[in-house]
Amino acid sequence: MKIVDVTVETFHYRSGMVRDSDGHGHPGPEHDARQSLTTIITDEGLKGYAIANISKGVLESVIKPVLLGESPHYRERLWHQLKERQRLNLATLTDKVLTVVDLALWDLAGKAANLPVHKLIGATRDKVPAYASTMCGDDLEGGLNTPEDYANFALWSRDRGYPAFKLHTKQPPYAGAPSAKADIEACAAVREALGPDVPLMLDPFHYYSREEALYLAKELEHLEYYWMEEPMDEHSMSSYVWLCENTRLAICGPETAEGKMHTRAEWIKAGACDIVRGGVGDLGGITPLLKVAHLAESFNMRMEVHGGGPGNLHVLCAMGFPGEFYERGLLHPFVDYEKPAPWLNKINDPMDDEGFVHVSQEPGLGQDINFDYIQANLLETY
Ligand code: LLH
Ligand code: MG
């Protein structure tokens, strides 16, 4: 089997999400938005899909020259070829592009083998407990504004079945943010609402100083939080070593730091994290996420997978030293997460009343794509 084409179809849809000036998503007025479907096509008619965009320039100059004529089963080699071309193309050949290609190749491989991706890798389970992961704070009345808002939303999440809860607190450009004190007030309100036994996590503003990060950690020790993520710029690994040395709170990372599995290896060696982190979008696909999962296991370290989506879910169901939770979200009181995106017939991560997310048993990634919707709303194809 050989790859004969890679296509990108861009379509429009109505979105109720807006991005603030720092890039964080929040509910907002409905408006027109764009999404893309990338398809890897083989000479046998089999196709692999990823819901994401690759720009025309990158597709023509790098992706097609590397992929066309190759067997889609040489994923590891293809991933390395793309990774090596990043050295002089980092501005355009991002880890996100590697993720799109890698996800579509795994989808295709699962379809070729007639197996869901977690079973193709070697499955350990078919369902994973989720935590409710909130959007970042906002100034919407009854949204994620006050400590009471977070507490009320935490109670809602418990009633929905979520066994654990993670706050993304208020970040710039919102007034009063960042504030480590306000973050702790929200964390305390959630602990008070849910009682002592529910695992709770914090993901605050990402550019606090060492003193502010240590303040958060010490307060979260008292509140018996389960872990904290990315309170400081992750490029300073020594700041994280210092933080880990000064708190008994589990520090989970790195999440957004570049460098794929290499960065995770350095953090483990340096003692910069207690729990390793990364997801398909941070690392460049399922292929490197598996490397990091196996690396963490080799050091007897837990790894918590960053973000949702089918790629992360399949890997979570194939980890030998399992990540404890699936990150479900980002959630907000005003957003119905259970409603599929317009380009899907059903959501990728259905959760039962006990808080377990069930992985698809369909071949490949198991995304139920609404191709008719995409064709009816097509803007551009290349
Ligand atoms: O800043 C944000 O919007 C969130 O932190 C986002 O990156 C989220 O994916 C995350 O960090 N989850 O853990
Ligand atoms: Mg995070």
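**Reading buried residues, a metal site and some backbone oddities**

Mentor: Both Glu229 and Glu255 are buried; that word means under 20% relative accessible area, while exposed means over 50% and partly exposed lies in between (1.4 Å probe, protein chains only). Keep in mind that this is a predicted model, where local features need pLDDT of at least 70 and side-chain atom pairs count only at pLDDT 80 or more, while totals for chains, interfaces and linings use all residues. Residues are numbered from 1 along each chain as its sequence is written, chains are lettered from A and ligands numbered from 1 in the order in which they are written, and side-chain values use heavy atoms, with hydrogens and water left out.

Trainee: How do I read a metal site? Which residues are the protein donors of the magnesium ion (ligand 2)?

Mentor: Look for donors: N, O and S atoms within 2.8 Å of the metal (3.2 Å for Na, K and Ca); water is not among the atoms, so sites may look incomplete. Here Asp203 gives an OD atom, Glu229 an OE atom, and Glu255 is listed twice with OE, all lying 2.0 to 2.8 Å from the ion. Along the sequence, these donor residues follow the spacing D-x25-E-x25-E. Glu229 sits in strand E7 (residues 227-229), and Glu255 in the loop between strand E8 (251-253) and helix H9 (260-270), so to speak distant parts of the chain, 26 residues apart. Helices (H or I, at least four residues) and strands (E, at least two) are DSSP runs, numbered from the N terminus.

Trainee: And what is the geometry of the magnesium site?

Mentor: The site is irregular, with angles of 51 to 163° among its six donor atoms. For the label, four donors are tetrahedral if all angles lie between 85 and 135 degrees; four are square planar and six octahedral if opposite donors are over 155 degrees apart and all others between 65 and 115; anything else is irregular.

Trainee: Next, salt bridges. How many salt bridges does the structure hold?

Mentor: There are 23 of them, each being a side-chain nitrogen of Lys or Arg within 4 Å of a carboxyl oxygen of Asp or Glu. Take Arg277 and Glu327, whose side chains meet at 2.9 Å, N to O. This pair links distant parts of the chain: Arg277 is in strand E9 (residues 275-278) and Glu327 is in strand E11, 50 residues apart. Both Arg277 and Glu327 are buried. By sharing partners, salt bridges join Lys166, Glu229, Glu255, Arg277 and Glu327 into one network. So two names from the magnesium site, Glu229 and Glu255, turn up again here.

Trainee: Which helices does the salt bridge between Asp95 and Lys260 link?

Mentor: The side chains of Asp95 and Lys260 come together at 2.9 Å, N to O. That ties helix H3 (Asp95) to helix H9 (Lys260), 165 residues apart in the chain. Asp95 counts as buried because its relative accessible area is 14%, and Lys260 does too, with 8%. For contrast, Arg248 and Glu224 form a salt bridge at 4.0 Å, N to O. Arg248 belongs to the loop between helix H8 (237-246) and E8, while Glu224 belongs to the loop between helix H7 (210-222) and E7, 24 residues away. Arg248 is exposed, since its relative accessible area is 59%.

Trainee: How do I read contacts? What does Asp107 touch?

Mentor: Contact means heavy atoms within 4.5 Å. Asp107, in helix H3 (residues 95-113), is buried at 1%. Setting aside residues up to four places away in sequence, Asp107 touches Lys47, Gly48, Tyr49, Pro363, Gly364, Leu365, Gly366 and Gln367. Ala154, found in helix H5 (residues 147-160), is buried as well, at 0%. Beyond its neighbours within four places, Ala154 is in contact with Phe165, Val190 and Leu194.

Trainee: Last one: the backbone. Where are the cis peptide bonds?

Mentor: One joins Gly253 and Pro254, with omega about -5°; Pro254 is found in the loop between E8 and H9. Another joins Gly329 and Leu330, with omega about 10°, and Leu330 lies in strand E11. Check phi too: Asn114 has a positive value of about 60° although it is not a glycine. Asn114 lies in the loop between H3 and helix H4 (117-121) and is exposed, with a relative accessible area of 58%. Lys260, our salt-bridge residue from before, also has a positive phi, near 55°.
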